[in-house]
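Here is a report on one protein chain, written for the bench. It starts with charged pairs, then turns to the fold and its core.

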Amino acid sequence: MQQARLLLNCCAPAWESVRKASSGMARWGPLANKVALVTASTDGIGFAIAGRLARDGAHVVVSSRKQQNVDRAVAALQGEGLSVVGTVCHVGKAEDRERLVDTLWMDKEREESIKETMQITRIGKPDECAGIVSFLCSEDASYITGETVVVGGGTPSRL
């Protein structure tokens, strides 16, 4: 009987944690109780980063220049049960961003040339960039300072 009581006392805190997490009373994960503001986060890498940070426990604020993009991203992430809100935020000129994007992938010949220099020989996916951002925001990276982390598929890089 005493062993059973000891076992119950030992498991009670764990059961309480599971109960709280399933009822939404507490946030868990490496970014629990943190707030992440992610700019340009309604599509592509920014959206993947916002989703990853939220899945890792952060309360995320997504932003974009257009309200309909914000609404779409918030709905998608909240649809996964994540803690996300959004706001409109203009972080620069749209034509400059579009020109930049249209330049490192609309040219298939250039894309193939770039892939040849990569050890992985493919263009990275947004989700592959999101993991390192979440790690760097977590307590697991608390002793990392002043480092450059290249997420480049093995592409030679110099800074």
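Glu-128 and Arg-122 join their side chains in a salt bridge, at 2.5 Å from N to O. A salt bridge here is a side-chain nitrogen of Lys or Arg within 4 Å of a carboxyl oxygen of Asp or Glu. Glu-128 is partly exposed, at 35% relative accessible area. Arg-122 is partly exposed too, at 32%. Buried means under 20% relative accessible area, exposed means over 50%, and partly exposed lies in between (1.4 Å probe, protein chains only).

This is a predicted model, in which local features need pLDDT of at least 70, side-chain atom pairs count only at pLDDT 80 or more, and totals for chains, interfaces and linings use all residues. Residues are numbered from 1 along each chain as its sequence is written, and side-chain values use heavy atoms, with hydrogens and water left out.

**Salt bridges**

The whole structure holds five salt bridges. Among them are these three.

| Acid | Base | N to O distance |
|---|---|---|
| Glu-128 | Arg-122 | 2.5 Å |
| Glu-80 | Arg-55 | 2.9 Å |
| Glu-112 | Lys-115 | 3.0 Å |

The pair of Arg-55 and Glu-80 links distant parts of the chain, 25 residues apart. Arg-55 sits in helix H2, and Glu-80 in the loop between H3 and S3. Arg-55 is partly exposed at 42% relative accessibility. Glu-80 is partly exposed at 46%.

Glu-112 and Lys-115 both belong to helix H5 (residues 108–116). They are three residues apart, so about one helical turn separates them. Glu-112 is partly exposed, at 39%. Lys-115 is buried, at 18%.

**Fold**

The chain has six helices and three strands. Both are DSSP runs numbered from the N terminus: helices are H or I with at least four residues, strands are E with at least two. Read from the N terminus, the order is α-β-α-β-α-β-α-α-α. Of the 159 residues, 25% count as buried.

**The nonpolar core**

Which residues have the most contacts inside the largest nonpolar core? They are Val-38, Leu-53, Val-60, Val-62 and Val-84, in a core of 18 residues. At least two core residues come from each of strand S1 (35–38), helix H2 (44–55), strand S2 (59–64) and helix H3 (67–79). H2 gives the most, with five residues. A nonpolar core is a set of buried Ala, Val, Leu, Ile, Met, Phe, Trp, Tyr and Cys residues joined through side-chain atoms within 4.5 Å.

Val-84 touches Ala-54, His-59, Val-60, Val-62, Val-74, Leu-77 and Gln-78, leaving out residues up to four places away in sequence. Contact means heavy atoms within 4.5 Å.

**Helix H3**

H3 has 13 residues, and at 1.5 Å a residue it should span 18 Å. The expected span is 1.5 Å times one less than the number of residues. The end C-alpha atoms of H3 are 18 Å apart, which agrees.

Val-70, Ala-73, Val-74 and Leu-77 are the buried residues of H3. Seen down the helix axis, they fall within an arc of 100°, so they line one face of H3. The arc is taken from the directions from the helix axis to the C-beta atoms. The buried residues of H3 pack against H2, S2 and strand S3 (84–88). On the other side of H3, Gln-68 and Gly-79 are exposed. Just after H3, Gly-81 takes a positive phi of about 80°.

**Ser-64**

Is Ser-64 in strand S2 buried or exposed? Ser-64 is buried, at 10% relative accessibility. Beyond its neighbours within four places in sequence, Ser-64 contacts Thr-42, Asn-69, Val-70, Thr-87, Val-88 and Cys-89.

**Cysteines and backbone**

How many disulfides does a search of the whole structure find? The count is zero, where a disulfide is a pair of cysteine sulfur atoms within 2.5 Å. Cys-89 is partly exposed at 30% relative accessible area. Cys-137 is partly exposed at 37%.

Two residues that are not glycines have a positive phi. Ala-40 is at about 50°, in the loop between S1 and H2. Thr-121 is at about 55°, in the loop between H5 and helix H6 (126–137).
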